[in-house]
Amino acid sequence: MLIDVKNLYKIYNEGQESEVRALDGVSLEIDYGEFVAIIGASGSGKSTLMNILGCLDIPTYGDYHLDGVDVTALSDRQLAHIRNKKIGFIFQGFNLIPALNAWENVELPLIYQGVSMFRRAERVEEALERVNLADRARHKPTEMSGGQQQRVAIARAIATHPPIIMADEPTGALDSRTGKHVLEILHGLHDEGSTIILITHDNSIAATAQRVVRISDGRIVYDGDREGAGL
Amino acid sequence: MNLSQAFKIAAKSIAAKKGRSALTMLGVIIGLAAVIILVSYAQGQNEQMRAYYESLGTNVINIEASGPNSKSISDALYDYCLELDDLVLGVTPQIQMYNQTVVKYGAKTLDSYQSNWEESPQVVMGNQQYSLCNNYTIAKGRDLAYLDVENYSQVCVLGHKMAEMLFNYADPIGKTITINGYPFEVVGVFAQQDPQNMTGKDRNILVPYTMTRVLNSSNSWSAFVAKAKDGPSTNRAITLLDGFLKGLVGESGYYYVQTPNQWQEQGDEQIKMQQRFLGGIAAISLAVGGIGIMNIMLVTVTERTREIGIRKAIGAERRSIIAQFLIEACMICGIGGLFGIAVGYIGTLIVGKASFNLILFPSPGITAGAFLISVALGIGFGLYPAIKASGLQPVVALRAE
């Protein structure tokens, strides 16, 4: 099992009047090579779940095993290595570093991984070609359209060949045509063997996934194929 | 991540944020340059005071006395000084001409009432020991002689600058100048004493003190300078003179015995106070520069926090983030510091030339100290947001708006 989560809780201001249970006892298993869409209204806890699955945040309670490793027991440094090697992130707001050009943004996770300069150049080129942006490598994010920026972000996510790609509303800031293009890239990556976890509130996008997980008020209310979800 | 990568990332980050980097550097430059210039200024002043006291000579005793009968006081005092020959190497009357002094040679006229202080002639009257007591040496010609004094000779010895102003590099020896209409033959020129023209010693014209009857409206003289053999003799001579003068001038009289060494002690005290004051100003300017650096660094915390969140999300370890920001702060403050030192040195040269007419250089110790402090401030404040933000969960850092 790639992802194995049991009784996961994320509670803010616990024990106070203002207590918020963003995740309220979530258990979930995701296997290698799946394409899972996590859907739910805004505030349902789907982003919190993805942040914890992606080791960007830590749960208040619960077990999380990633690829057989107990993530909750890891140090800050070990978590950084997991984010670097196992997970590629794609965010709604792209989260590129504005001072760096496309090439340098894609190169960054490889630098942190300690890949040699020669190998880095190969991988960056490969990743940019995969998203059809080899000709825009020297442009800064501010000189690119939203769709292009998101493709740079995808290239950055796949440059390290991580087994899992996590995308949080990847098409949320894009028009439907460029959104569709981004989705096609994700499906292509899935076909090549990557595990894709996609967070969205857009049913038409969720409908392209094999498996759909619906979250409401921090609990999983549906987990099954897309037909059963009524999509 | 290796060090050269950290350098590359830091350099890219600096180049991408030119405005902020430049402002931060400016803070370092101003703080550092201000400290260097101020402290160097204080040191220049110190140097100048020391040179001044040195030019007054050591083991010199200044004596002044006046009373109901100035003439007899002067005669008695002079005779008494001559008696102290086991303590005193020489003694001379020291009279300055305070009324208008007009010195002419050919078409050249110097008038003490018309010219600037820097070019004003000053007639002093003494005997053949005047140069010994006042630290003069003869550069050309001869000194005053005993017979010049005895014979009321109308001769004079010129200070270095006075000779230059009147004769403009021609040889003055044997020429005749006039002082207030009276002719005086130039017999000698003193060596340069005071290149900065601070004390006016090089603008003096020495004539035999017996000429005071001719040149001064009053013919009383009551000021002397004695040169003692060494430090202990100076103190003993002062004690003896003090007792002698007390008896001589009586209740209604006035007298004064002092050595410039005593002034020097007072002067040193003054210099110390001034240095403490300037040190305070320097500390304030460094603090102001530091606050400037801090402001610019803290303003960008949000921007940096988000960037750190992104870097953490794609797998940067905390230590590589801190290394990047440390190198960035070091580079900005280091470059700013070097510029600051350059500005400080140039400023010091300009200030030294303008205020003291000296080639002034800041001391390396002060420069290094101020550099280290301002760089440490910059690094401290530059690193603070990085240390804070890199300890956050990535999701918290990413949320920074």
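In this predicted model, A:Ala155 sits among a run of sequence-distant partners: leaving aside residues up to four places away in sequence, it touches A:Val106, A:Ala127, A:Leu128, A:Arg130, A:Val131 and A:Leu133. A:Ala155 also turns up in the largest nonpolar core, a set of 111 residues, where it is listed with A:Ile38, A:Ile165 and A:Ile197 as having the most contacts inside that core. Although those four belong to chain A, the element that gives the most to this core is on the other chain: helix H2 of chain B, residues 18-56, puts in 14 residues. A second core, separate from this one, has 51 residues, and B:Ile95, B:Leu144, B:Val189 and B:Phe224 are among them.

As for the contact between the two chains, 23 residues come from chain A and 20 residues from chain B. On the chain A side, helix H2 (76-85) and helix H3 (102-113) each supply at least two of the residues that touch chain B. By type, that side of chain A splits into 11 nonpolar, six polar and six charged residues.

Helix H2 of chain A is worth a second look. Its buried residues are A:Ala80, A:Arg83 and A:Asn84. Viewed down the axis of H2(A), the buried residues stay within an arc of 100°, so they line one face of the helix. The general background is simple enough: an α-helix has 3.6 residues a turn, so residues three or four places apart point the same way.

Elsewhere in chain A, A:Arg211 belongs to strand E9, which covers residues 211-216. How does A:Arg211 rank, buried or exposed? Neither, as it happens: A:Arg211 counts as partly exposed because it has 18 C-beta neighbours inside 10 Å, whereas a buried residue would need 20 or more. Setting aside residues up to four places away in sequence, A:Arg211 touches A:Glu34, A:Phe35, A:Val36 and A:Asp225. One of these partners, A:Val36, is 175 residues away from A:Arg211 along the chain, yet the two C-alpha atoms are separated by 4.9 Å.

Turning to chain B as a whole, its secondary structure comes to 13 helices and 13 strands. Chain B has 401 residues, 41% of which count as buried. Its contacts reach well along the sequence too: taking those with a separation of 6 or more, 84% link residues 24 or more positions apart.

Key:
Residues numbered from 1 in each chain as written. Chains lettered and ligands numbered in written order. Predicted model: local features only at pLDDT ≥ 70, side-chain atom pairs only at ≥ 80, totals over all residues. Contact = placed C-beta atoms within 7 Å. Helix = DSSP H or I, 4+ residues; strand = E, 2+ residues; numbered from the N terminus. Nonpolar A, V, L, I, M, F, W, Y, C, P; charged D, E, K, R; others polar. Buried ≥ 20, exposed ≤ 12 C-beta atoms within 10 Å, placed from the backbone. Arc of directions from axis to C-beta. Core = buried A, V, L, I, M, F, W, Y, C linked by C-beta atoms within 7 Å.
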